[in-house]
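Please walk me through this structure as if I were seeing it for the first time. Where do I look, and what should I notice along the way?

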Amino acid sequence: LMHDDVVVVSKIRPGLVLEGKSEVVQLVQEELADKLYEATTSAFLPIDEDRIVVEGRMRWIDDERVIRDDPVTWAMEFRDELLIRFIPARTQVEAETILGTPPP
């Protein structure tokens, strides 16, 4: 599902930017697999064939073992039908702005 050159910015760990499929897979296997993470979507707002803003909620357990349920907005971009950018945003407008800039 992910492009080899994917860039993922973590919503849960501020400041964490993963570059490349292997970094994302390593994080999922080593840190996320043992914790509760559930994402639900409520709106899909396509910009074009390759870019979309997704709104929803994410339930997860933080480092203090508190269950959190947060609203989320993601800017998502695809290349060759694979995810190339996955970046959290505060608002739909911010996500659209993120997607208006070309990937690194």
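Among contacts in the protein chain between residues at least 6 apart in sequence, those that join residues at least 24 apart make up 32%. Keep that figure in mind as you turn the view, and remember that what you see is a predicted model. Some of the residue pairs we will visit are separated by long stretches of sequence, and we can look at how they sit in space.

Let us take the overall layout next. The protein chain has two helices and six strands, and along the sequence they come in the pattern β-β-α-β-β-β-β-α. The radius of gyration of the protein chain is 14 Å, close to the 13 Å that the globule rule gives for 104 residues, so the chain is as compact as a globular protein of that length. If you would like a box to put around it, the C-alpha atoms fill one of roughly 40 × 30 × 20 Å along the principal axes.

What about inside and outside? Of the 104 residues in the chain, 35% count as buried. The accessible surface comes to about 6800 Å², and carbon and sulfur atoms account for 52% of that area.

Now look for the largest pocket, which holds about 650 Å³ of space. It is lined by 25 residues, and the closest to its centre are V8, V28, L32, M58 and F86. Several elements give two or more residues to this lining: β1 (2-9), α1 (21-32), β3 (37-46), β5 (67-79) and β6 (82-89). Which of them gives the most? That is α1, with five residues. Sorted by class, the lining has 19 nonpolar residues, two polar ones and four charged ones.

One of the residues closest to the pocket centre, V8, is a good place to pause. V8 belongs to strand β1. Is V8 buried or exposed? With a relative accessible area of 12%, V8 is buried, because anything under 20% counts as such. Setting aside residues up to four places away in sequence, V8 touches L16, V17, L18, V24 and F86. Notice F86 in that list, since F86 is also among the residues closest to the pocket centre. For a sense of distance, try P46: V8 and P46 are 38 residues apart along the chain, and their C-alpha atoms are separated by 19 Å.

From here, move to strand β6, where you will find P88. P88 counts as buried, at 16% relative accessibility. This residue also brings us back to the theme of distant partners: P88 and V9 are 79 residues apart in sequence, yet their C-alpha atoms are 6.7 Å apart in space. V9 is one of the residues that P88 touches beyond four places in sequence, together with S10, K11, T73, W74, E94 and I98.

T73 makes a natural next stop, as it is in that list of contacts. T73 sits in strand β5 and is buried, with a relative accessible area of 9%. Leaving out neighbours within four places in sequence, T73 is in contact with V53, V54 and E55, with I87, P88, A89, R90, T91 and Q92, and with A95.

Some of those names return when we visit L45 in strand β3. L45 touches I52, V53, E55 and Q92, again not counting residues up to four places away. At 25% relative accessibility, L45 counts as partly exposed. The C-alpha atoms of L45 and A75 are separated by 9.8 Å, and the two residues are 30 apart along the chain.

To finish, let us step out to two loops. R65 is in the loop between β4 (51-61) and β5, while D80 lies in the loop between β5 and β6. Which backbone feature is worth a look at R65? R65 has a positive phi of about 65 degrees although it is not a glycine. D80, another residue other than glycine, also has a positive phi, near 55 degrees. Both of these loop residues are on the outside of our scale: R65 is exposed, with a relative accessible area of 58%, and D80 counts as exposed at 62% relative accessibility.

Notes: Residues are numbered from 1 along each chain as its sequence is written. This is a predicted model: local features need pLDDT of at least 70, side-chain atom pairs count only at pLDDT 80 or more; totals for chains, interfaces and linings use all residues. Side-chain values use heavy atoms; hydrogens and water are left out. On a 1 Å grid over the protein atoms alone, a cavity is a set of points where a 1.4 Å probe fits but cannot get out, and a pocket is an open set with protein on both sides within 12 Å along at least five of seven lines; lining residues have an atom within 4 Å of a point. Grid points are joined across faces, edges and corners, and a volume is the space filled by probe spheres set on the points. Helices (H or I, at least four residues) and strands (E, at least two) are DSSP runs, numbered from the N terminus. Ala, Val, Leu, Ile, Met, Phe, Trp, Tyr, Cys and Pro count as nonpolar, Asp, Glu, Lys and Arg as charged, and the others, Gly among them, as polar. The radius of gyration is taken over C-alpha atoms; the globule rule is 2.2 Å times the number of residues to the power 0.38. Buried means under 20% relative accessible area, exposed over 50%, partly exposed in between (1.4 Å probe, protein chains only). Contact means heavy atoms within 4.5 Å. Accessible areas come from the Shrake-Rupley method with a 1.4 Å probe; for residues, only the protein chains shown count as cover.
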